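Here are some short exercises to work through with the structure open beside you. Try each task before you read its solution.

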Amino acid sequence: MSELPGRTQPLLEIENLHVEYRTLDGIVKAVNGLNLRIDEGKALGLVGETGAGKTTTALAVMKLVPTPPGVITAGSVRIAGREILPLGDAEMQHLRGNQVSMIFQNPMASLNPVHDVGSQIAEVIRLHQGVSPREARVRAAGMLRAVGIPENRAGDFPHEFSGGMKQRVMIAIALACRPRLLIADEPTTALDVTIQAQVIDLIKSLKRDYSGAQLLITHDLGLVAEMCDDVAVMYAGRVVEKADIAELFQNPRHPYTLGLFGSLPNLKKSVHRLRSIGGLSPDPKMLPRGCPFHPRCAERMDVCTERTPSESVVGAGHTVCCWKYSESGGTR
Amino acid sequence: MKKGLGKYVLIRLVGAVPLLLVVAVIVFVLLQYAPGDPAELMLGMDATPENVAQMRVKMGLDKPLHVQLLRFLAGLLRGDLGTSWQSGRPVAEEIGRTLPVTAYVSFVAIVISSVVGVLVGVLSAVRQYSLVDNIVRVVVLAGVSMPVFWLGLMLIVVFSGFLGVLPSSGWGTPKHLVLPAVTLATYPLAMITRLTRSSMLEVIRQDYVRTARAKGLSMRAVIVHHALQNAFIPVVTVIGIQFGVLLAGAVLTESVFAIPGIGRLTVAAVFARDYPVIRASVVLTAAIFVLINLLVDISYTYLDPRIRYDN
């Protein structure tokens, strides 16, 4: 890349994204005005509790939000400068698996049980690279080797593999066409701890060779620290704080982020109980007025219950959505 | 052929022999409890006791029951189904005359219902809650609930009566096949459509379907290459069962359309207490079910690699 060091071209830019699920019980507002940016070659960790809208965000980038009931109601998603939300099926099919790939949370169920793994990898290669079936099989075998599975297992079926190996196969499928953006949605959550480390190492080592930018979705701050350049903390469908990894870990600002760090165990201190953030994440069918975190926030001000805070810059590349840091904002 | 499949088939076939013998014993015993003396029925109201006694000897009914049973079983094992008391012809000949007719109609009916049922079921699932899906669900409900004989009569009224384009009964030309095949196909068609729809709906919510979409495959390619094979297993099971039911003789349909099939043969035999024919057709039906189940089980190994019979 020829850009200036430090600030390269954005590969993924999400602006003001809104996604909702229209169910019989009401409208579930999963993503509410999310802003995100990943630069070429960078890895961004998207952190948040279950239900914060992380997976929906990822699916929106693939335009795979299940519809109905899901609808992308507003916003902009640009991949390498190209707006994708207006694109039709055919154009999205060209992007998926090719320019943008995704690794899913549950490797046990993510592979088709009736096809052998070799053909499942070869399928994506044939689709996007226009090679002969034979050549696709050869390249698929190469991908298997790259993820540490012997080539001679290409003819085996998913049920003949362990969970960790299935996730390796998923990684092989996702990286087979060298995507510019790899989305990994909790890639290790369903795996044993020992296998988790192997899969993380694998993604890290393959990233250099196979993929441009990376969006890692997780609730594991340790994983983010190990794998990412930047972090975005998500709460109730919005990014409430983002910064590069060193900045965020040394200098977290948003009360929610502080709460997340506060709930991590400290190996140097012996504590009776881990601290947790009081309350529950809000029901996305009935989001509170104002800042969605205010019912749980210890530093709540009057304005927090009235109006939603916008982004305030608190450091180099470090932004927070909180009235505490807003110049125009509230008073104590 | 898959590994171990030949041996598995052999074991299943050998295992079917005692099963069919048990079926034969049961049908033999049950017939003893049927009211009415076959010899009397055969001779009519004004037969003398002497005539009846003569007839019983001729039919072998004078022998002790266990002797009759053993004769019947020994005959079965030799492949000898006996002689029809009513027509005096070998039972094998009677079945050889009627079974192909039933098999022909049943085959046409099951092919129609499988092809149409799977196509419509898939379409209905992919467009869940659309107008097409709603219409399909109503029609399917009607198809499952409609009595076969009534449907047959209505078809005759419309196509033979009003339109006059198809024969109302009889057998022999391809035209004779149409109405019975459609009548017979209706219930299995409705069942297969409904099952394909629900099975498909379940499969297209699976994670691997999302994976396939994430690869950049079109919805059509995902359905054809990823969903269909997975959704097909319960459907094959039902196709097999329905085919067995049709082959066992669609008594009502064969009666409505006056088709010389095995269903009518069996019913006529029941009324005449023609034991050899009843016994043979019951054992034959059991054998057909055994065979079809075996075929269904074999087809599983081709649909789902997790199902294997080689251990």
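**Exercise 1. Find how many bridges join S1(A) to S4(A), and in which direction the two strands run.**

Solution. In this predicted model, eight bridges link S1(A) with S4(A), and the two run antiparallel. For one pair to check on screen, take A:Glu15: its bridge partner in S4(A) is A:Ser76.

**Exercise 2. Describe how S1(A) and S2(A) are joined.**

Solution. Start with the pairing: eleven bridges hold S1(A) and S2(A) together, again antiparallel. Next, look at the connection, where two residues lie between the strands and the pair forms a hairpin. Finally, pick out a bridge: A:Arg22 is partnered by A:Ile27 in S2(A).

**Exercise 3. Work out the order of the four strands in the open sheet of chain A, and explain why one side of S2 and of S5 is left without a neighbour.**

Solution. Step one is the last pairing: S4(A), residues 70-79, is joined to S5(A) by two bridges, and these strands run antiparallel. Here A:Arg78 stands opposite A:Glu83 of S5(A). Step two is to put the pairs in a row, which gives S2-S1-S4-S5 in chain A, with antiparallel pairing. Step three concerns the edges: S2 (26-39) and S5 (82-83) of chain A each have a single partner strand, so one side of each has no neighbour in the sheet.

Now add the helix. H1 of chain A, residues 54-62, packs on this sheet and touches S1 (10-23), S2 and S4 of chain A. The direction of H1 makes about 110° with that of S1(A).

**Exercise 4. Identify which residues touch the most other members of the largest nonpolar core, and which helix gives the most to it.**

Solution. The largest nonpolar core has 98 residues. Those touching the most other members are A:Leu17, A:Leu36, A:Val61, A:Ile121, A:Ile171, A:Leu181 and A:Ile183. The helix that gives the most to this core is H6 of chain A (residues 163-175), with seven residues.

Follow A:Ile183 a little further. Setting aside neighbours within four places in sequence, its contacts include A:Ala58, A:Val61, A:Met62, A:Val100, A:Met102, A:Leu215 and A:Ile217. Another core, of 29 residues, lies apart from the largest one; B:Leu201, B:Val222, B:Ile223 and B:Ala231 are among its members.

**Exercise 5. State what scores the model has, and what the mean pLDDT of chain B is.**

Solution. For the model, ipTM is 0.84 and pTM is 0.83. For chain B, the mean pLDDT is 90, with 99% of its residues at 70 or more.

How values were computed
Residues are numbered from 1 along each chain as its sequence is written. Chains are lettered from A and ligands numbered from 1 in the order in which they are written. This is a predicted model: local features need pLDDT of at least 70, side-chain atom pairs count only at pLDDT 80 or more; totals for chains, interfaces and linings use all residues. Side-chain values use heavy atoms; hydrogens and water are left out. Two strands pair if DSSP finds at least two bridges between them. Contact means heavy atoms within 4.5 Å. Axes are lines fitted to C-alpha atoms, for helices over the stretch in contact, and angles run from 0 to 180 degrees between N-to-C directions. pLDDT is the predictor's confidence in each residue, from 0 to 100. A nonpolar core is a set of buried Ala, Val, Leu, Ile, Met, Phe, Trp, Tyr and Cys residues joined through side-chain atoms within 4.5 Å. Buried means under 20% relative accessible area, exposed over 50%, partly exposed in between (1.4 Å probe, protein chains only).
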